[in-house]
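Trainee: I'd like to learn how to read a model like this one. Could you take me through it, feature by feature?

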Amino acid sequence: MNFYVQSLFIAIPSFVILIVIEIIVSRIKGINVNEHEDMISSLSSGITNTTKDAFKVSIVLISYAWLVENITIYKLEPLWLAVFVAFIVQDFTGYWMHRLNHRVNMFWNRHIIHHSSEEFNLSCALRQSISETFKFSAILMIPAALFGIPVKIFMILGPIHLFMQFWYHTRLIGKMGILEYIIVTPSHHRVHHAINSEYLDKNYGQILIIWDKMFNTFQPELEDVEPVYGTLRPAATWNPIIINFKHIWQLIKDAWYAEKFVDKLKIWFMPTGWRPEDVKEKIPLKQIDDPYKQTKYKTKNSSMLVAWSWIQHIIAGAMMFHLFTVMNIDSPSLLDYLYGGFLFMHVFSFTSMLDHSKYSIIAEFLKMLLGFTLLYIQGYIWFNISGIFVVGIVIYFIGSFVLTFNFYLKHKSTSL
């Protein structure tokens, strides 16, 4: 089991505890920062991203390991200095990749999920991408490679650097004095997540705020401008898998309908949000022009459906940890991938149900079918689980489909 997966068994319970603390403190202060559907969507997005990362489903266009082997000119010692330089390079790289994801149309699809929540709380920190397929950030890590900083340092530093970005996704912590000049604080990151014109495309820093100040992308939080969260083109769904690919699907459609060939190519590399004029007329999109008139996405869900969705989410989390304990992390088998696919169908189903979407029924049926197939292939054993527990799993498959169908009949609407 690699360091990233091992660290999840500590990080995720820690995140859950902090989220619970945030909920309690917000209730005491009388500030509403959490909505059930939004939290379920955020936390489920974390499950899909974590599962995808464990499988290493990506194409590395240039690897850091290759750079170290081929361009090292000096081996930096001692270890503490190598770790320090690695951290600076990691954070510098993170700043520029983050900025690139915001500013280029086709790269926005890799990051839109993180900004899709119209709330701002610790749970939305877990909205992470499953659509980031091509990785090329190593090109920005050349300074570390020149000094021969080992790959192993980044294998450990990477997850730690990522987890360190969790805590500042909150509205409950105000400005933090002198730290505002050094690190990214909740105040800085509230600005980054806001769609107000004063705040848009600012504060890309991940740990250190100095990069934004160096490269002229810094904006302090203003006392008279309250941040409004979300995206200028609202996601309008609780399904994190759909959100992950909604933007790229729109780009594909826009490229298809564009009359000029140059626009079919240009659209991918233009600033985020750019569309050909002829396409804007043919296919108008809902966009927020005045953030202060934002109408947050809501669906009328019964308390029973919300409770059932929380149960389904907890089951998803348990399955994810079970998958990590039984799979071969270094060389996943076909069965491991099928288990991952089952987990994705599960998340797709119950988050679609919160949208009252008919796709929840389709996903739930496919999940049940795949579940029974996996049981049959393994001789009626569920990934090392056997005996009476298998009976419970069979009952769950059937019961989950029946309940999902029942909820759909009670909540169905014309929304997708």
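Trainee: Let me start with one residue: is Asn203 buried or exposed?

Mentor: Buried means under 20% relative accessible area, exposed over 50%, and partly exposed in between (1.4 Å probe, protein chains only). Asn203 is buried, with a relative accessible area of 1%. Before we go on, this is a predicted model, where local features need pLDDT of at least 70 and side-chain atom pairs count only at pLDDT 80 or more, while totals for chains, interfaces and linings use all residues. Residues are numbered from 1 along each chain as its sequence is written, and side-chain values use heavy atoms, with hydrogens and water left out.

Trainee: Which backbone angle should I look at for Asn203?

Mentor: Look at phi: Asn203 has a positive value of about 55 degrees, although this residue is not a glycine. Asn203 sits in the loop between α9 (186–193) and α10 (210–214). Those labels come from DSSP runs, numbered from the N terminus: helices are H or I with at least four residues, and strands are E with at least two. His356 is also not a glycine and has a positive phi, of about 60 degrees. You'll find His356 in the loop between α15 (334–354) and α16 (359–377), and His356 is buried at 6% relative accessible area.

Trainee: Where is there a cis peptide bond?

Mentor: Check omega. The bond joining Glu77 and Pro78 is cis, with omega about 0 degrees. Pro78 belongs to the loop between α3 (64–71) and α4 (79–103).

Trainee: On to helices. What span does α1 reach?

Mentor: The expected span is 1.5 Å times one less than the number of residues. Helix α1 (residues 3–29) has 27 residues and reaches 38 Å from its first C-alpha to its last, close to the expected 39 Å.

Trainee: Where in α1 is the kink?

Mentor: The bend at a residue is the angle between axes fitted to the seven residues ending there and the seven starting there. In α1, a kink of about 35 degrees lies at Phe9, shortly before Pro13. Just after α1, Gly30 takes a positive phi of about 75 degrees.

Trainee: Which residues of α1 are buried?

Mentor: An α-helix has 3.6 residues a turn, so residues three or four places apart point the same way. The buried residues of α1 are Tyr4, Val5, Ser7, Leu8, Ala11, Phe15, Ile19, Glu22 and Ser26. They pack against α2 (36–55), α8 (151–163) and α14 (303–326), where contact means heavy atoms within 4.5 Å. Take Ala11, at 8% relative accessibility: the C-alpha atoms of Ala11 and Ile160 are separated by 9.4 Å, though these residues are 149 apart along the chain.

Trainee: And in α14, what does Ser309 touch?

Mentor: Leaving out residues up to four places away in sequence, Ser309 touches Ile40, Phe350 and Leu354. Ser309 is buried, at 1% relative accessibility.

Trainee: Last one: how many residues line the second largest pocket?

Mentor: On a 1 Å grid over the protein atoms alone, a cavity is a set of points where a 1.4 Å probe fits but cannot get out; a pocket is an open set with protein on both sides within 12 Å along at least five of seven lines, and lining residues have an atom within 4 Å of a point. The second largest pocket is lined by 30 residues, with Trp108, Ile112, Thr231, Leu232 and Arg233 nearest its centre. The largest share of that lining, 7 residues, comes from α11.
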